[in-house]
Amino acid sequence: MLQFKLVLLGDSSVGKSSIVHRFVKDTFDELRESTIGAAFLSQSITIHPNDGNEANPKDVVIKFEIWDTAGQERYKSLAPMYYRNANAALVVYDITQEDSLQKARNWVDELKNKVGDDDLVIYLLGNKVDICQETPVVETSPESNEAGNDEQKVRAISTEEAGQYAQDQGLLFREVSAKTGEGIKEIFQDIGEKLYDL
Ligand code: GTP
Ligand code: MG
C-alpha cells in the first residue's frame, strides 16, 4: 500500500470540506460549518495502473492522508504546516465567486515558491458546478421565481479562463460539484495515478 499526503487550500466557503466529505463519506451538508484550524481525514482508493502488461493488470491500494485547511484569513499562517511535505495539493475555487480564482492563484504561487512543483501534484478545482447546470430561466414569471432556487447564483468564472490558467501553470484541472458528487471520485483517481507514476 502506498501512502500520500494531500492538502486542500482555497478561500473560505469555496467547498473544500464539502469535497473531502463527499469523497470520504459520500455525504453533502447544505449548512456545513466553516473549518477551524484544519481537519484531518483519510481514505483509500484502488488504482489499476497500466504497466503495459495488459494480460496481468495489478491493483494498487493508495491511502490518502488528507488535510482540509481553514480558508478564513485568520488561519492563513497555519497553511505551511499542512502543505509542507505534501504530495498533492487541491487548490479550490468557487465558479460563482469571482475573487476565489485570484485566491487560488495566490495559493498556486505560494506552493510553487515554498514547495516547488517537481514532486507536488497541484490540482485546480472549480467547485459548485451544479449551480450553473440548472436550466437558465429566460423569462422570469412569478411562478418560475417561486419554484426556483433560493439564491440566484450565476457562473462568474468560465471554464476557458480557469482551464487556460491551469494549462499555463502545468496544473491538473477539473470542474466539480461536492453537492452532486460530479467529478469528485475522478479527482482522487487522477491524483493516485499521477503520484504512482512519479
Ligand atoms: P472554510 O472551511 O471556511 O475554508 O470553507 P470550505 O471551503 O471548507 O467550504 P464548505 O465545504 O464549508 O462549504 C461552504 C458552503 O458551500 C456550504 O454551505 C456548502 O453546503 C456549500 N457547498 C459546498 N460545495 C458545494 C457544491 O458543490 N454546490 C453547492 N451548491 N454548494 C456547495
Ligand atoms: Mg472547511
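The dialogue below walks through a predicted model of one protein chain with its ligands.

Q: Where should I start, and how many helices and strands does the chain have?
A: A good first step is to count the elements and then follow their order along the chain. This chain has six helices and six strands, and from the N terminus on they run β-α-β-β-α-β-α-β-α-α-β-α.

Q: Once I know the order, what share of the contacts in the chain comes from residues 24 or more positions apart?
A: The order along the chain is one thing, and the partners in space are another, which is what contacts describe. Among the contacts in this chain with a separation of 6 or more, 74% are accounted for by residues 24 or more positions apart.

Q: What part of the chain counts as buried, and how much area does the chain expose?
A: Burial is judged residue by residue, whereas exposed area is a total for the chain. Of the 198 residues here, 41% count as buried; the chain exposes about 11,100 Å², and carbon and sulfur atoms supply 44% of that area.

Q: How do I read a single helix such as α1; is α1 largely enclosed or open?
A: One looks at how many residues of the helix are buried, and then at what those residues pack against. Nine of the ten residues of α1 are buried, so this helix is largely enclosed by the rest of the structure. The buried ones are Lys16, Ser17, Ser18, Ile19, Val20, His21, Arg22, Phe23 and Val24, and they pack against the strands β1, β2, β3, β4 and β5 as well as against helix α6. Just after α1, Asp26 takes a positive phi of about 55°.

Q: Which residues coordinate the magnesium ion?
A: For a metal, one lists the atoms that coordinate it and then asks where their residues sit in the chain. The magnesium ion, which is ligand 2, is coordinated by the OG atom of Ser17 and the OG1 atom of Thr35, at 2.0 to 2.1 Å. These two residues link distant parts of the chain, since Ser17 belongs to helix α1 and Thr35 to the loop between α1 and β2, 18 residues apart.

Q: Are Ser17 and Thr35 buried or exposed?
A: The cut-off to keep in mind is that buried means under 20% relative accessible area. Ser17 counts as buried because its relative accessibility is 10%, and Thr35, with a relative accessible area of 15%, is buried as well.

Q: How many residues surround ligand 1, and of which kinds are they?
A: For a ligand, one can describe the shell of residues around it and then sort that shell by chemical character. Here 23 residues surround ligand 1, and the closest are Ser12, Ser18, Ser34, Gly71 and Asp130. The shell divides into five nonpolar, ten polar and eight charged residues, and its largest share, three residues, comes from α1.

Q: Which atoms of Gly15, Ser34 and Thr35 lie by an oxygen atom of ligand 1?
A: It helps to separate backbone atoms from side-chain atoms. A backbone N or O atom of Gly15 lies 3.0 Å from an oxygen atom of ligand 1, and a backbone N or O atom of Thr35 lies 2.7 Å from one, while for Ser34 the atom is a polar side-chain atom, at 2.5 Å from an oxygen atom of the ligand. The protein covers 91% of the 650 Å² of accessible area that ligand 1 has on its own.

Q: How do I read one residue in a loop, and where is Ile95 found?
A: One places the residue in the chain, checks its burial and then lists its partners. Ile95 is found in the loop between β4 and α3, and it counts as buried because its relative accessibility is 0%. Ile95 and Ala156 are 61 residues apart in sequence, yet their C-alpha atoms are 5.8 Å apart in space. The residues that Ile95 touches include Gly126, Val154, Ala156 and Glu175.

Q: What polar contacts does the side chain of Glu175 make?
A: The same steps of placing a residue and checking its burial come before its polar contacts. Glu175 is in strand β6 and, at 15% relative accessibility, counts as buried. Its side chain makes a polar contact of 2.9 Å with the side chain of Arg155, and another polar contact, of 3.1 Å, joins the side chains of Glu175 and Thr159.

Definitions and conventions: Residues numbered from 1 in each chain as written. Chains lettered and ligands numbered in written order. Predicted model: local features only at pLDDT ≥ 70, side-chain atom pairs only at ≥ 80, totals over all residues. Heavy atoms only, no water. Donors = N, O, S within 2.8 Å, 3.2 Å for Na, K, Ca; no water. Helix = DSSP H or I, 4+ residues; strand = E, 2+ residues; numbered from the N terminus. Buried < 20%, exposed > 50% of the residue type's maximum accessible area, 1.4 Å probe, protein only. Near = heavy atom within 4 Å. Polar contact = N/O pair within 3.5 Å; in protein donor to acceptor, adjacent residues only side chain to side chain. Areas by Shrake-Rupley, 256 points an atom, 1.4 Å probe, with all protein chains shown as cover. Nonpolar A, V, L, I, M, F, W, Y, C, P; charged D, E, K, R; others polar. Contact = heavy atoms within 4.5 Å. Lists of a residue's contacts leave out its neighbours within four places in sequence.
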